[in-house]
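Hi,

Here's the structure I promised to pass along. Have a look at it first, and my notes on how the chains meet come right after.

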Protein chains: 2
Amino acid sequence: MGVEQRAVPDRATRQRQAIMAAAADVFTRNGYVGATTDEIAALAAVSKQTVYKMYGDKQKLFAEVILEMTLGTVERLASTVTLLERSTDAQVALRAVAEDWLRGLLSADVLRLRRLVIAEADRFPAVGGAWFERGFDRAVVILGESLQEMAGRGLLRPLTDPRRAAYQFTGLVMYQPMNQAMFAGTESLPSARELKRIAHAAVEVFLAAYGPTTA
Amino acid sequence: MGVEQRAVPDRATRQRQAIMAAAADVFTRNGYVGATTDEIAALAAVSKQTVYKMYGDKQKLFAEVILEMTLGTVERLASTVTLLERSTDAQVALRAVAEDWLRGLLSADVLRLRRLVIAEADRFPAVGGAWFERGFDRAVVILGESLQEMAGRGLLRPLTDPRRAAYQFTGLVMYQPMNQAMFAGTESLPSARELKRIAHAAVEVFLAAYGPTTA
């Protein structure tokens, strides 16, 4: 019976998952002020009391759901970065990472989440701070570690500051399309073909600076 | 008397300026939903009727004030870019532009404005679109023209896509500190010394790809 309980999530776990999914949906759709715990409870098919018992108030629920979505995004980005550590060709591997990060970070879910966190950064600096430190910066640090590993195998020049190199790579790849998506909306995103061109051009610049010296 | 009228702004112009300044303050402080035309009129020391007569409704006033602030920011950024066209040393000139753009774009006013536009991009796609096209993208296009001009004088390699090169330059410079400021708040910005390092490192990467070939 103990085994069965582990195999099937228990009632509390199921309720938690339902509340998280409902909160993600309601907060990204209505913003913090427009969201109500009533609507979240109804969508999760639990009582409002259950939401309060599990998460305290709306503010704590907000922080929790943003953090969970942040960690999910980092996990997804980091899994692609491992491609670099199995690579033998820096250009091929970096292009794959650039294209994957573009796809991942320009998805409708991530864009809505980013907008929400930025919109509420003044009201909830701790939420924005956690998104930056445990999400954004964390993903870049992981990328930097893989770049460092590539440098160790002679695929890149030795890096004095892997985190900076990773930020530069990400900036080359993401700056234009991410800002276009943030301001002008998802419909105005560059085409898939143009995104590929952006990714390849970014890798070209990055390798001009960090590729192995051929001398 | 005609001359005097041109020298001193007339009553309508003064009122317009007062309304714009008040609206910028109230919208960036309270957000779109939290702002009222009552508060804006009071701060501008005009009647609510005057606000409506000059700008229509709150929504039109919002679009107008964002556009005015956007154009002001572009003008400020573009004025620095002219440094490039008088330059004889690409590294020196690009470092100056990078440091100036960091200062300009990380100012508290611009950050508050960016947050506001991003927060309201779903509700007012036209406002976000105008910010992107007439602000963000416009400044980058102007930078690209100056890079092209430098290439024409042999200070950079010939550029096949000056706008792309300008986005890459801006991404190398701005990506880390801008995101840090957007998410984690102004207090968490890198120090002035660190910003300078970011600027110089960005120029180094940019010139590795676009600097004149020394061969």
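Quick bit of vocabulary before the numbers: buried area here is the accessible area, taken with a 1.4 Å probe, that two parts lose on being put together, summed over both. On that basis, about 3500 Å² is buried between chain A and chain B, and carbon and sulfur atoms account for 68% of it. Do keep in mind that this is a predicted model.

Now the symmetry. Turning chain A by 180 degrees, with 0.0 Å of shift along the axis, superposes it on chain B at an RMSD of 0.0 Å. That's the relation of a two-fold axis. The contact draws 36 residues from chain A and 36 residues from chain B. Since 100% of chain A's interface residues are interface residues in chain B too, the copies meet through the same surface.

What holds charge against charge across the contact? There are 4 salt bridges between chain A and chain B. One of them pairs Arg164(A) with Glu194(B), whose closest N and O atoms sit 2.5 Å apart. Polar contacts across the interface come to 8 residue pairs, with both residues at pLDDT 80 or more.

As for which parts of chain A do the touching: α7 (108–119), α8 (125–152), α9 (162–184) and α10 (192–210) each put in at least two residues. The top contributor is α9(A), with 15 residues. By type, the side of chain A that touches chain B splits into 21 nonpolar, 8 polar and 7 charged residues.

Cheers

Note on methods: Residues numbered from 1 in each chain as written. Chains lettered and ligands numbered in written order. Predicted model: local features only at pLDDT ≥ 70, side-chain atom pairs only at ≥ 80, totals over all residues. Heavy atoms only, no water. Least-squares fit on C-alpha atoms with pLDDT ≥ 70 in both. Contact = heavy atoms within 4.5 Å. Salt bridge = Lys/Arg side-chain N within 4 Å of Asp/Glu carboxyl O. Polar contact = N/O pair within 3.5 Å; in protein donor to acceptor, adjacent residues only side chain to side chain. Helix = DSSP H or I, 4+ residues; strand = E, 2+ residues; numbered from the N terminus. Nonpolar A, V, L, I, M, F, W, Y, C, P; charged D, E, K, R; others polar.
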